[in-house]
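Explain how some of the helices, strands and nonpolar cores in this structure are arranged, taking the contacts between the chains as the starting point.

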Amino acid sequence: MGLQRRARLFGAFSSFAISFALVACGSTCAGEPQPPAPPLPRDLPPEVIASFPQNDRGQPILHSTRFAGEGSLRLVYDRDLDDPLARWGQCLGRVVACYRTNEGPIDGCIELIERCADDRGGEGCCPAQCIDEFRAKNSSGASEKEAIDASFVHGGCIRGFREQIAAIETEVEL
Amino acid sequence: MNKTIAIAIAIFALGFPQSATAWEGMCRVLEDDRGGRISKLESNICEEAELEACEPGLGYARGAQLGEHTWLTRIAMQNAGLGLEWQEGPIVFQAPRPGVQPSLQNGYYTAGENFRGTELKSLEPSDAGRMYAWTRRELTIPEVSEIADGSSSFSEYILGNEHCLTPNIRSATLAQLNRCHTFEGHLSAINSTHWPPLALEMYKLYHRTALNIADRCKKMKAALPLGADHVHGYMLDLAKSCEREAFAHQSYASHFLQDAWSSGHMFVRWGPPSHGATPAEQFRETIPAMITGIIHGTKSVTHNDDQMCMPGPRRPGKLDEVVLWRNGVGPLNAGGGDLYLRSCEERKNNAEYGSVTQGSELTIQRQRMITCLAHGFREVYDAAQMAPDQSFQFGPDTYEIAPRDPRYSESGECWNQRVTNRSMMLGLGVTKFGIVLQAEDYAAPEFLTRFGLDYGAIEAEDLRRLGVSEEVFDQEALRLRYVLGRLSMIYSARAEEAADGTSLAQMVIDDRRANAPPDEELRKIFGRYRSGEPIVDWNGAHVEAIKKDEVPFFEKNDLTSWESSARMDAECSIDADCQAGELCDPSIVDGDGVVSRCIRHEAPLLRAFRAAETVHWCTHDTWDELNAARRACKEGQGPDACDACVAMVLPRLRNACDGGMQGFPPSQRTRLGSICDHYQQSALTLHPDPVHAYVHVPFEPKDGEDLWAATVRAAREACLAGPERLPPTINYNFDSEPPATAQTAGLVGNSYRFAAMCGRADDSTHWHRFRWPGGQGDGTIHINLRPSTYNLGGGGTEPAYPYTAPVEEISLAVFRGPRCDVSSDLLMEGVPADSDGDGVADTLRIPWAVYDQTPEEVCIRITAKTTTVRSGYTVVISADPLF
């Protein structure tokens with residue numbers, strides 16, 4: 001069977017399944033919410049790192065360009081990077097993991113996301129405040145996406161995150 | 001500087017190949033580039049040929065383009081019915097060189113100098129003031145489709161990448177100049193034109209230019225005189241050059257259509273088509289360019305397979321890793337893109353997904369792409385033909401479009417293909433991470449927010465030298481991670497919720513609004529100014545800029561607005577002295593001298609295609625420019641300078657004595673041999689009757705030469721004779737009344753010379769008026785008229801060669817002014833005389849004495865005694881002092 005046909009069949013099936021789930025369940029689906037997929041490892045295997053060019057710190061260079069043609073502007077994977085933005089990424093990853101394990105609404109899964117020890121966030125978890133904010137928004141009539149945006153994506157629930165990105169999120173003038 | 005931003009010592013990128021652009025351009029050095037280059041295409045794409053890569057910038061413009069774009073264009077031309085001559089001959093700059101063997105050669109005229117003291121010959125086409133050397137340039141039409149990845153416009157490439165036409169980029173040093181023309185240097189930040197919807201605008205710009213040129217080619221063919229006419233063959237060569245120019249532009253346009261069919265380009269992206277004004281702005285523009293590169297795939301940088309250009313799954317059987325595309329709500333299709341056009345060694349056993357052109361699962365993408373490309377070429381072909389072949393069948397790599405759409409290549413079927421949401425997610429991720437991850441996790445926020453920027457320059461002070469403060473660098477490094485995190489969240493969610501939708505590729509989050517304009521959330525994801533405008537907008541925001549010619553380094557949309565003349569008030573010594581879209585040209589003719597002035601960048605393009613653009617040059621070459629070319633020929637600038645002069649003079653060479661024939665009816669003008677007259681007759685020239693655009697030289701075949709050979713010889717003799725004074729504006733029409741005012745021009749030494757009036761007209765009476773200045777003492781004025789064969793061509797049923805009337809059939813009379821009344825002012829009539837002593841009267845002569853110092857105004861009437869008489873004649877008016 002050709003890919004196109006398989007893909008079409010899969011597409012039709014998945015659309016049907018999603019539609020059916022939405023009609024049948026809504027946000028209070030009788031089906032048990034599935035927990036998020038397991039957290040991802042921080043480290044890449046040595047064979048993955050070895051398959052990329054590396055900088056002098058041994059970090060894999062994933063992409064490269066130049067600015068003004070001088071030197072090189074390189075995108076590297078920095079496994080040691082740990083700041084509010086990296087922890088925000090960890091928390092977003094847990095929400096994404098819910099999409100992976102659930103079809104349709106993920107509000108139930110979000111309740112199952114691992115809580116970090118405090119509001120600084122951490123590895124493979126979200127601060128409880130983020131989940132609370134999501135729940136509050138969701139129950140006040142906001143759509144699931146709006147509630148996710150206002151809580152997890154906004155990131156105000158992660159200590160230091162808003163301050164860190166203030167320089168880029170506020171309106172700027174060159 | 002943030003510690004997450006590593007400072008490395010090595011300038012690592014120097015060892016990298018060019019970053020991903022679109023279908024991979026592969027410039028190669030060919031020692032002998034005479035033909036046969038296309039035969040190296042296949043082996044070069046699979047890196048079996050081991051040809052040396054070109055140096056960037058200057059080297060790029062001098063190499064052979066043997067990459068994927070060229071391959072695709074060749075196949076498209078084949079399917080459009082264009083034979084091997086069009087596909088494989090290095091004919092882009094092929095033009096007739098009158099009087100040179102072989103008569104068709106590839107190249108154009110330059111100053112013949114080396115570029116900026118290098119050992120490289122300059123490729124910059126010269127203006128008339130410095131056309132000293134024929135510079136060979138071999139380029140096939142398919143290769144032109146590749147050059148948009150190494151030059152910012154067709155003109156820039158023709159200029160040999162010796163100028164940087166993109167504003168706000170430094171190009172003072174050779175290194176800076178070369179960076180202007182490399183993807184890593186500066187082009188990556190502004191190649192948003194290679195993604196929809198800007199790619200479509202770029203295609204329209206160059207495709208419609210190609211169509212307009214093709215339409216002119218058709219008219220050039222329509223202007224061809226009868227087959228027996230001596231200029232027929234040359235004019236046919238000019239029309240063929242025109243067709244090459246049209247197809248070259250179509251090939252350039254095809255680059256953008258091909259890009260739109262690479263799966264790595266089937267989405268709208270962020271970024272402008274031109275650089276920001278400040279280094280800080282330019283640095284900001286590199287961040288969306290880098291993110292686009294991540295989505296597109298990084299194989300050319302890392303050598304690793306990376307979605308979304310890679311056809312098929314990275315791991316066997318993992319169909320959820322396959323990149324898919326669709327047009328609107330049409331069926332899903334497997335996709336592939338850059339660096340995967342052909343199944344080279346590592347993929348040749350993959351029958352399903354080996355490559356875009358050889359994988360069975362990619363048949364639809366391949367067929368649709370080739371169909372669009374082939375239609376584009378056929379549309380140009382049809383525009384150039386007098387009678388398009390409606391029964392033409394496209395080649396086997398296409399599918400049938402019925403009924404034929406004359407604008408199919410611009411239709412949604414060629415431009416609305418978009419990758420699915422899941423493919424966007426796969427693209428955002430790093431496929432190689434799949435060793436430890438599932439496809440769904442390629443683009444996980446946990447990874448993407450740990451991506452750091454590592455600047456390979458040495459110290460922060462280097463960045464400051466480039467105009468980027470540490471603060472800006474840190475800000476943009478943070479912005480990169482933040483944007484990647486948000487995109488990761490959005491893409492991952494949509495890939496789960498609506499995997500087969502295409503809204504993300506349209507920068508829309510919700511598939512129910514898939515055809516809506518981009519969402520603000522995505523469009524402004526890089527932040528915004530206080531005005532609310534995005535710091536870096538989506539590329540579709542710049543569509544109008546291209547439509548309105550606001551991107552100065554692209555050729556203008558309207559072909560008729562292409563300007564070859566310099567701004568004479570714009571003195572310059574370097575390009576920076578000129579406006580955006582201009583360059584400083586040291587070959588501008590100003591009076592008797594050559595100066596540097598600013599010109600639009602279309603001018604070199606018009607010069608390189610001088611033969612194809614003869615219609616343009618018929619009305620744009622000035623008398624001073626013609627004289628400059630004639631001076632260069634006479635003063636020994638070399639044989640090429642004379643050939644260049646001949647090429648300039650020949651189309652405007654009238655077998656006539658002076659501009660008086662301008663007053664002839666057009667049908668009689670064309671009979672006298674000027675190619676520009678033929679075009680003028682066909683309403684092809686842009687300005688009416690440019691009298692001084694013509695060179696008048698009476699000539700006849702001799703020593704067994706045919707009329708065309710005589711014409712070329714006459715043009716060369718005119719060049720060797722050097723500059724000519726601006727001829728007077730004379731109307732030698734057969735006026736039945738004397739001119740109201742005297743002709744004051746024509747005084748040579750102590751005589752007036754009216755060169756012969758040539759040809760015939762319905763009225764056989766012709767008047768001259770002249771004013772003898774007086775003050776030369778008493779003496780005799782002589783008026784001598786001698787019939788001549790000058791300028792009497794044949795045509796139709798008329799004699800093939802000139803006819804000379806005997807003096808007995810011509811009447812010459814002089815009338816005293818100022819009224820020159822025929823009933824009362826007759827002074828004298830001509831008497832036949834034998835001027836050369838052979839016993840045959842061959843001259844009409846009128847001598848009369850003048851005894852005062854006052855000016856004398858007289859009229860001369862020349863009349864044929866019978867209506868069938870036609871003859872040229874020369875009138876010489878001179879004075880002999882009596883005392």
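In this predicted model, helix α3 of chain A (residues 84-101) and helix α16 of chain B (residues 470-497) have axes that come within 9 Å and cross at roughly 5°. Angles under 35 degrees count as roughly parallel, and α3(A) and α16(B) are therefore roughly parallel to each other. On the chain A side, the residues that meet α16(B) are L85(A), A86(A), W88(A), L92(A), V95(A), V96(A), Y99(A) and R100(A). Their partners in α16(B) include L478(B), R481(B), Y482(B), G485(B), M489(B) and E497(B). Sorted by class, this contact holds 11 nonpolar, 3 polar and 5 charged residues.

A second helix of chain A also packs on α16(B). Helix α7 of chain A (residues 161-169) lies with its axis 9 Å from that of α16(B), at an angle of about 110°. Because 65 to 115 degrees counts as roughly perpendicular, α7(A) and α16(B) are described as roughly perpendicular to each other. From α7(A), the contact draws on F161(A), R162(A), Q164(A), I165(A), A167(A), I168(A) and E169(A). From α16(B), it draws on Q475(B), L478(B), R479(B), R481(B), Y482(B) and R486(B). The residues of this contact divide into 6 nonpolar, 2 polar and 5 charged.

The nonpolar cores come next. The largest has 212 residues, and F154(B), Y491(B) and Y679(B) touch the most other members. Another core, of 29 residues, lies apart from it and has W88(A), L92(A), A147(A) and V153(A) among its members. W88(A) and L92(A) are also among the residues of α3(A) that meet α16(B).

Within chain B, helix α22 (residues 639-649) has 9 of its 11 residues buried, so it is largely enclosed by the rest of the structure. The buried residues are A641(B), C642(B), D643(B), A644(B), C645(B), V646(B), A647(B), M648(B) and V649(B). What do the buried residues of α22(B) pack against? Their neighbours are the strands β4 (104-110), β13 (653-654) and β14 (695-696), together with the helices α21 (623-634) and α25 (707-720), of chain B.

Chain B also contains an open sheet of 3 strands, ordered β10-β12-β11, with antiparallel pairing. Its edge strands, β10 (567-571) and β11 (582-590) of chain B, each pair on one side only. From one strand to the next, the twist averages 60°. β11(B) pairs with β12(B) (residues 593-600) in the antiparallel sense over 7 bridges, and I588(B) stands opposite V595(B) in β12(B).

How values were computed
Residues are numbered from 1 along each chain as its sequence is written. Chains are lettered from A and ligands numbered from 1 in the order in which they are written. This is a predicted model: local features need pLDDT of at least 70, side-chain atom pairs count only at pLDDT 80 or more; totals for chains, interfaces and linings use all residues. Side-chain values use heavy atoms; hydrogens and water are left out. Axes are lines fitted to C-alpha atoms, for helices over the stretch in contact, and angles run from 0 to 180 degrees between N-to-C directions. Helices (H or I, at least four residues) and strands (E, at least two) are DSSP runs, numbered from the N terminus. Angles under 35 degrees count as roughly parallel, over 145 as roughly antiparallel, 65 to 115 as roughly perpendicular and the rest as oblique. Contact means heavy atoms within 4.5 Å. Ala, Val, Leu, Ile, Met, Phe, Trp, Tyr, Cys and Pro count as nonpolar, Asp, Glu, Lys and Arg as charged, and the others, Gly among them, as polar. Two strands pair if DSSP finds at least two bridges between them. A nonpolar core is a set of buried Ala, Val, Leu, Ile, Met, Phe, Trp, Tyr and Cys residues joined through side-chain atoms within 4.5 Å. Buried means under 20% relative accessible area, exposed over 50%, partly exposed in between (1.4 Å probe, protein chains only).
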